[in-house]
Amino acid sequence: MNLEVDKQTLTDLALFPNNQQKQSVFALLGKTQSIGGHEKLSAMFNNPLSETKQIKDRIAVFVYLSENQVNFKIDKNTCDFPEFYLNG
C-alpha cells in the first residue's frame, strides 16, 4: 500500500525543487546515473511507502549501501541507450 501525497505536502516537505526553493531532498539524493534510476527515485518520492516492514526493508538497503560504501560502476550511455530503445 502506498500513501497518496498531494502537491502541498510535497512542497512543504521540500522533496522536489520548486520556484521558491532550490534546495530539496531530491536534489541532495538525486545522484542517479541513468534515466531509469532518476525515474525510479522520483517514483519513490512521489509514492512513499506506508507499511512498516517495507519501510524498514528499504532503510536497511540504504544503510547497507552507506555503511559498506558500495560504489556501482555505471556508465550512463550503456544504461540509457537500451532503456530508451526498449521504452520507445
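**Entry 1. Overall fold**

I read the order of elements from the N terminus on and obtained α-α-α-α-α. My tally for the chain is five helices and zero strands. I note here that the model is predicted.

I then looked up the confidence. The chain has an average pLDDT of 78, and 80% of the residues score at least 70. Helix H1, residues 7-13, has the lowest confidence in the chain, with a mean of 71. Helix H4 has the highest, at 89.

For the chain as a whole I recorded burial, surface and contacts. Of its 88 residues, 14% count as buried. The exposed area is about 7400 Å², and carbon and sulfur atoms supply 58% of that area. Among contacts with a separation of 6 or more, 49% join residues that are 24 or more positions apart.

**Entry 2. Helix H3 and the residue before it**

I checked the length of H3, which covers residues 35-46. Its 12 residues reach 16 Å from the first C-alpha to the last, close to the 16 Å expected at 1.5 Å a residue. I listed its buried residues as Gly 36, Leu 41, Met 44 and Phe 45.

Ser 34 sits in the loop between helix H2 (25-29) and helix H3. Is Ser 34 buried or exposed? I count Ser 34 as buried because its relative accessibility is 15%, and the cut-off for buried is under 20%. Leaving out residues up to four places away in sequence, I found that Ser 34 touches Cys 79 and Asp 80.

Ile 35 belongs to helix H3. I recorded a relative accessible area of 40% for Ile 35, so this residue is partly exposed. Which residues does Ile 35 contact, leaving aside its neighbours within four places in sequence? I found Lys 76, Asp 80 and Glu 83. Asp 80 therefore appears in the contact lists of both Ser 34 and Ile 35, by the contact rule of heavy atoms within 4.5 Å. I also looked up the pair Ile 35 and Phe 81: they are 46 residues apart in sequence, and their C-alpha atoms are 9.6 Å apart in space.

**Entry 3. Helix H4 and its salt bridge**

I compared the span of H4 with expectation. The 16 residues of H4 should span 22 Å at 1.5 Å a residue, and the end C-alpha atoms are 22 Å apart, which agrees.

How many salt bridges does the count give? I obtained one salt bridge. Lys 53 forms a salt bridge with Asp 57, and the closest N and O atoms are 2.9 Å apart. I classed the contact as a salt bridge because the cut-off is 4 Å.

Both Lys 53 and Asp 57 lie in helix H4 (residues 52-67), four residues apart, about one turn of the helix. An α-helix has 3.6 residues a turn, so residues three or four places apart point the same way. I then looked up the accessibility of the two partners. Lys 53 has a relative accessible area of 60% and is exposed, whereas Asp 57 has 38% relative accessibility and counts as partly exposed.

**Entry 4. The loop after H4 and a nonpolar patch**

I examined the backbone just after H4, where Gln 69 takes a positive phi of about 45°. I marked this value as a positive phi in a residue other than glycine. Gln 69 lies in the loop between H4 and helix H5 (76-87). I count Gln 69 as exposed because its relative accessibility is 70%.

Which residues make the nonpolar surface patch of about 400 Å²? I listed Tyr 64, Val 70, Phe 72 and Ile 74. Tyr 64 is in helix H4. Its relative accessibility of 49% makes Tyr 64 partly exposed, and the value is over the 30% that the patch rule requires.

**Entry 5. Helix H5**

I repeated the length check on H5. Its 12 residues should span 16 Å at 1.5 Å a residue, and the end C-alpha atoms are 16 Å apart, which agrees. I found H5 hardly covered, with one buried residue counted among its 12 residues.

How values were computed:
Residues are numbered from 1 along each chain as its sequence is written. This is a predicted model: local features need pLDDT of at least 70, side-chain atom pairs count only at pLDDT 80 or more; totals for chains, interfaces and linings use all residues. Side-chain values use heavy atoms; hydrogens and water are left out. Helices (H or I, at least four residues) and strands (E, at least two) are DSSP runs, numbered from the N terminus. Buried means under 20% relative accessible area, exposed over 50%, partly exposed in between (1.4 Å probe, protein chains only). A salt bridge is a side-chain nitrogen of Lys or Arg within 4 Å of a carboxyl oxygen of Asp or Glu. Accessible areas come from the Shrake-Rupley method with a 1.4 Å probe; for residues, only the protein chains shown count as cover. The expected span of a helix is 1.5 Å times one less than its number of residues. Patches are made of residues with over 30% relative accessible area and no salt bridge: like charges are joined within 9 Å, nonpolar side chains (Val, Leu, Ile, Met, Phe, Trp, Tyr) within 5 Å. pLDDT is the predictor's confidence in each residue, from 0 to 100.
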